[in-house]
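Biologist: I would like to learn how to read a protein model feature by feature, and I would be glad if you took me through one slowly.

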Amino acid sequence: MITLKNIRKVFTSGDNKITALNGIDLDIKGGEIFGIIGFSGAGKSTLVRCINMLEKPTAGEVIVNGQNLTQLSKGELRLARRKIGMIFQHFNLLWSRTVFENVALPLEINGVSRDKIQSKVNELLQLVGLEDKASAYPAQLSGGQKQRVGIARALANDPKVLLCDEATSALDPDTTDSILKLLQDINRKLNLTIVVITHEMHVIKEICDRVAVLDRGQVVEVGPVIDVFTRPQSPVTRRFINSVVKTDIPEVVRNRQIELKANGSPAKIVRISFIGQSAGEPVITQLIKNFNVTANILYGNLDHIKDTIYGMLTLELTGQEQAVNDALQFLKGQNLQVEVIQHV
Ligand SMILES: Nc1ncnc2c1ncn2[C@@H]1O[C@H](COP(=O)(O)OP(=O)(O)OP(=O)(O)O)[C@@H](O)[C@H]1O
Ligand SMILES: [Mg+2]
C-alpha cells in the first residue's frame, strides 16, 4: 500500500544543513496498522509528511496505492492526497465552525452536493460516536471529542490511508485508549491502512501490527510488534520497551546477586520470556520436579501486546553446576526465550 524507497530529506537553513531523513526504506501493507516510533527529533513527523508529500523528499520515491507521488503533477497530487487522510496532535480544527461544518469542509472543497454532504457527515459522526455534537463548536468539546472530529474529517473522502502524527499525545491515558480503540475499529470496518507516529510505546503495543524504530533519520529496526518487543536489537528499541515492560534488572535483584556472590553460592540468574499459550508456570513446575535445582522467582511481569499475552520471568537457579546446566538446556528446549543474565 505504501512503499518508501531510499527517502532522504535535508533541510537547509542558511549555511546549515540538517539531514532529517537519511535513506528510509519501508513497505507498509494494505489494511495494517503500522507504527513508527522514535525519540524527539528522530524524523517521525518529517517522514509522515513525506508520505502525503506535505514535505517533498530531497531524494527517493513515495509510492502510495500504486501511484508514485514523487512523479505526479500538482493537480494529480491533489487528487491522490484525497485518498490519504491525516490527523494531528493538536487536532487542527477550525474554531469558528461547528463539528458538522468541520467534517463537511473537505467535501465542500471537492464540490460535493449539499444532500450528499449531509448524509456523509452524519454517517461519519455516527462512526466516531459524536452524533449528538453536530452543532457544538470545538471549544465546547473535550480533547478526545476533538480528536474524534479530526478522525471524522480525515475520513470524509473515503481515504485508503490514514496518517496519525502523535494523535494521542495531548490526551490523558483513558482518552488515549478510547481513541486507539476507535482507530482499531475503523481499521477493521473500513479496511483502512493506518500509519501511527508516536513516541509512546504504549500506543504501539495496543494497536500496531508492525513497528519501525526511527533513530536519527534512519530505520534501526522493523518487524512485527511482538518480535520487536521480545527480541529488541538496538539500544533505542530497548529504551522504548523499558518504558512499558521493565526488562532491566531492578536494583533489589542486583543486590541479591551481589549477596549470593559474597556467600559463594553457585547460582545462575536466568530470564525467560514467553508469548501466547506457552505460559511460564507449568515449565517451572517441571523444572523443579525433574532437575535437582531450586528455582527462585526474583522478578516477573505479565502483559499483553495487542491480543497476545506476553510475560517475562527472572529466575535464580541454584544447585550443582551440572544440574543447573541441564535445567538450562531443558528451558531452552521449551520454546521459550532463555537468556542467562549473569553468572554469579
Ligand atoms: N522545516 C524544517 N526546517 C529545518 N529543520 C527541520 C524542519 N522540520 C524538521 N526539522 C529538523 O529535522 C529533524 C527531525 O524533525 P521531526 O520534526 O521530523 O522529528 P520528530 O521525530 O517528529 O520529533 P518530535 O517527536 O519532537 O515531534 C529535527 O532535527 C528537526 O529540527
Ligand atoms: Mg513530530
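**Reading the model, step by step**

Modeller: Let us start with one helix: in H3, the residues Val99, Phe100, Asn102, Val103, Ala104, Pro106 and Leu107 are buried. Please keep in mind throughout that this is a predicted model.

Biologist: What covers the buried residues of H3?

Modeller: The cover includes helix H4, residues 114-127, and also H5. Just beyond the helix, H3 is followed by Gly111, which has a positive phi near 70°.

Biologist: Which residue other than glycine has a positive phi near 70°?

Modeller: Phe91 has such a value, and this residue is found in the loop between S6 and H3. Phe91 counts as buried because its relative accessible area is 11%, where the cut-off for buried is under 20%. Asn6 also has a positive phi, of about 45°, although it is not a glycine. Asn6, however, is found in strand S1, which covers residues 2-13, and it counts as partly exposed because its relative accessibility is 45%.

Biologist: How should I take the protein as a whole, before we go further into single residues?

Modeller: The secondary structure comes to 12 helices and 14 strands, and the C-alpha trace spans about 80 × 50 × 35 Å along its principal axes. Of the 344 residues in the protein, 49% are buried. One can also ask how far apart in sequence the contacting residues lie, and here, among contacts between residues at least 6 apart, 69% join residues at least 24 apart.

Biologist: Could you show me a single residue that illustrates such contacts?

Modeller: Phe34 is a useful case, lying in strand S3, which runs over residues 33-37. Phe34 is classed as buried because its relative accessible area is 0%. Leaving aside residues up to four places away in sequence, Phe34 touches Leu26, Asp27, Ile28, Ile194, Val195, Val196, Cys208, Arg210, Val211, Ala212 and Val222. As for separation, Phe34 and Gly223 are 189 residues apart in sequence, yet their C-alpha atoms are 9.7 Å apart in space.

Biologist: How do I read a pocket, and what is the volume of the largest pocket here?

Modeller: A pocket can be read by its volume, then by the residues that line it, and then by the elements that supply them. The volume of the largest pocket is about 640 Å³, and 18 residues line it, with Arg81, Arg82, Ile84, Pro106 and Asn157 lying nearest its centre. At least two lining residues come from each of helix H2 (74-81), strand S6 (84-88), helix H3 (99-109) and helix H5 (143-154), and S6 gives the most, with four residues. Pro106 therefore has two entries in our reading, as one of the buried residues of H3 and as one of the residues nearest the centre of the pocket. By class, this lining has nine nonpolar, five polar and four charged residues.

Biologist: And how many cavities of 30 Å³ or more does the count come to?

Modeller: The count comes to two, and the largest cavity has a volume of about 50 Å³. Two or more of its lining residues come from helix H6 (173-190) and from strand S8 (193-198), with the largest share, three residues, coming from S8. Its lining consists of Cys164, Glu166, Ala167, Thr168, Leu180, Leu183, Val196, Ile197, Thr198 and Val203, which divide into seven nonpolar, two polar and one charged. Val196, in this lining, is also among the residues that Phe34 touches.

Biologist: Last, how should I read the boundary between two domains?

Modeller: The size of an interface is often given as the accessible area lost when the parts come together. In this protein the domain assignment gives domain 1 (2-244) and domain 2 (251-343), whose C-alpha centres lie 41 Å apart. Between them, 13 residues of domain 1 are in contact with nine residues of domain 2. The area buried between domain 1 and domain 2 is about 960 Å², with carbon and sulfur atoms giving 55% of it. On the domain 1 side, Lys205, Ile226 and Thr230 lose the most area to domain 2, together 52% of what that side buries.

Methods:
Residues numbered from 1 in each chain as written. Chains lettered and ligands numbered in written order. Predicted model: local features only at pLDDT ≥ 70, side-chain atom pairs only at ≥ 80, totals over all residues. Heavy atoms only, no water. 1 Å grid on protein atoms, 1.4 Å probe; cavity = no way out; pocket = protein on both sides within 12 Å on 5 of 7 lines; lining within 4 Å. Points joined across faces, edges and corners; volume = space filled by probe spheres on them. Nonpolar A, V, L, I, M, F, W, Y, C, P; charged D, E, K, R; others polar. Buried < 20%, exposed > 50% of the residue type's maximum accessible area, 1.4 Å probe, protein only. Contact = heavy atoms within 4.5 Å. Domains from an automatic or database assignment. Buried area = accessible area lost by both parts, 1.4 Å probe.
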